[in-house]
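Student: I would like a close look at one part of this model. Take me through the place where charge, ring and strand come together, and follow the contacts outward from there.

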Amino acid sequence: MYKTVYCALLSCFENASEPVHVHALIDDSVKPNKHWLEELCASTGNSITFYENVDVPRDVVALFPNNVVGNYTEASLFRMCLHEQLPEEVEKVVYFDCDIIFERDVAELWNMELGKAWMIATHDSERVWSSRKKEYYLKALNIAEDRYFNSGVLVMNLKALREASREENVFWRAYRQGAKDFAKLKFPVFDQDLLNHMLSNDHEKLIFTDIAYNYELCLFDRRFLRLDELKGKVCHFAALKPWEKFFPASMTYWKYYVKSPWRDEVLPLIEERMFDPKDRIWPLLRWFWKRHESFRWLARLYKAR
């Protein structure tokens with residue numbers, strides 16, 4: 001994923017109004033390639049600090065079925081120990097996943113007032129909760145539907161988290177205490193669900209901001225088709241990944257990839273994804289597009305009448 005991280009940082013730097021200091025928590029898979037990120041930061045006048053050997057307690061990982069953190073690696077839990085890994089003088093951070101592209105200034109997030117809140121987040125619009133899911137998922141974990149948030153972009157109050165973790169990391173404690181409840185459910189996103197379980201109903205510890213700061217490119221409202229609506233957004237490829245599928249909104253990702261050291265890969269990669277005979281999304285895209293255009297035609301006809 002180091003190439004994806006490269007694009008995320010490049011987009012962040014190009015849209016930032018002031019220098020950025022990057023704190024990168026990495027696992028063994030990134031170590032051989034971290035020089036690419038160092039060179040990017042040096043060439044753009046930004047700085048980066050790497051944190052290796054991040055400590056995720058073995059007993060916490062053992063709480064997950066078969067010692068596997070869902071469909072993710074242990075690195076998905078690194079955000080839970082930022083307040084432990086980063087220096088004391090770093091009192092807050094803008095956290096973002098690697099599948100993010102910035103089309104607005106990250107300083108806008110940085111300058112948001114946290115007060116005593118632990119986090120600032122945005123509502124997760126991708127989740128469409130059926131009655132059945134609400135019963136076994138939201139109700140079981142005491143999560144409010146209209147306050148379920150996506151953890152891909154967060155403004156985190158490290159000072160407050162350190163205060164809450166004086167005796168024990170507050171997140172690891174929550175995992176240990178709630179392991180039996182969590183084990184009953186088939187979690188798609190362990191870290192996100194835990195954070196929601198802890199914070200979604202707490203109006204003092206969690207502040208919501210505009211979805212433009214974590215704009216999920218997903219099936220919801222056919223956002224993945226609407227390239228022209230991504231300007232001024234922090235784009236999150238939470239479900240559909242440009243490096244796995246082709247869709248119109250993925251061009252926001254490729255325009256930064258073409259500025260990377262791997263620019264020669266762009267056209268072959270796009271072509272491969274567009275015309276993959278095993279890929280079922282392209283016929284679906286064409287169907288959506290025709291349907292979408294027909295609705296626009298009907299609307300114009302209605303206005304003309």
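Tutor: Start with Lys233 in this predicted model. Its charged end sits over the ring of Tyr215, 5.0 Å from the ring centre. Tyr215 belongs to strand 8, which covers residues 215-216. Strand 9 covers residues 234-236. Two bridges join strand 8 to strand 9, and the two strands run parallel. One residue pairing can be named here: Glu216 has His236 as its bridge partner in strand 9.

Now place these strands in their sheet. Three strands make up an open sheet in the order 4-9-8. The pairing in this sheet is mixed. Strand 4 (100-102) and strand 8 form the edges. Each has a single partner strand, so one side of each has no neighbour in the sheet.

Glu216 leads onward. Asp124 is in contact with Glu216, once sequence neighbours within four places are set aside. Its other contacts on that basis are Tyr148, Phe149, Asn150 and Gln192. Asp124 lies in the loop between strand 5 and helix 6 (131-141). Is this residue buried or exposed? Asp124 has 2% relative accessibility, so it counts as buried; the cut-off for buried is under 20%. Its side chain makes a polar contact with the side chain of Gln192, at 3.1 Å.

Gln192 falls within helix 9, residues 190-199. That helix lies across strand 5 (119-123), strand 6 and strand 7. Its angle to strand 6 is about 65°. These strands belong to a second open sheet, of four strands in the order 3-6-5-7. Here too the pairing is mixed. Strand 3 (92-96) and strand 7 (206-208) are the edge strands, each pairing on one side only. From one strand to the next, the twist averages 30°.

Look at the strand 3 edge. Five bridges join strand 3 to strand 6 (residues 149-157), and the two run antiparallel. Val94 stands opposite Val155 in strand 6.

A second buried polar residue is worth a stop. His83 is found in helix 4 (residues 82-85). At 4% relative accessibility, it counts as buried. The side chains of His83 and Ser165 make a polar contact at 3.2 Å. Leaving out residues up to four places away in sequence, His83 touches Ser165, Leu158, Leu161, Arg162, Asn169 and Phe171.

Back to rings. Lys205 offers another charge over a ring: its charged end sits over Trp118, 4.3 Å from the ring centre. Ring-on-ring pairs occur as well, 13 of them in the structure. Take Tyr257 and Trp262. Their centres are 6.4 Å apart and their planes stand at 50°, so the pair is tilted. Both Tyr257 and Trp262 are buried. They are part of one aromatic cluster, which also holds Tyr2, Tyr6, Trp36, Phe237, Trp243, Phe247, Tyr253 and Trp254.

Technical notes:
Residues numbered from 1 in each chain as written. Predicted model: local features only at pLDDT ≥ 70, side-chain atom pairs only at ≥ 80, totals over all residues. Heavy atoms only, no water. Phe/Tyr/Trp six-rings, centres within 6.5 Å; stacked < 30°, edge-to-face > 60°. Buried < 20%, exposed > 50% of the residue type's maximum accessible area, 1.4 Å probe, protein only. Lys NZ or Arg CZ within 6 Å of the ring centre and 35° of its normal. Pairing = 2+ DSSP bridges. Axes fitted to C-alpha atoms, helices over the stretch in contact; angles between N-to-C directions. Contact = heavy atoms within 4.5 Å. Polar contact = N/O pair within 3.5 Å; in protein donor to acceptor, adjacent residues only side chain to side chain.
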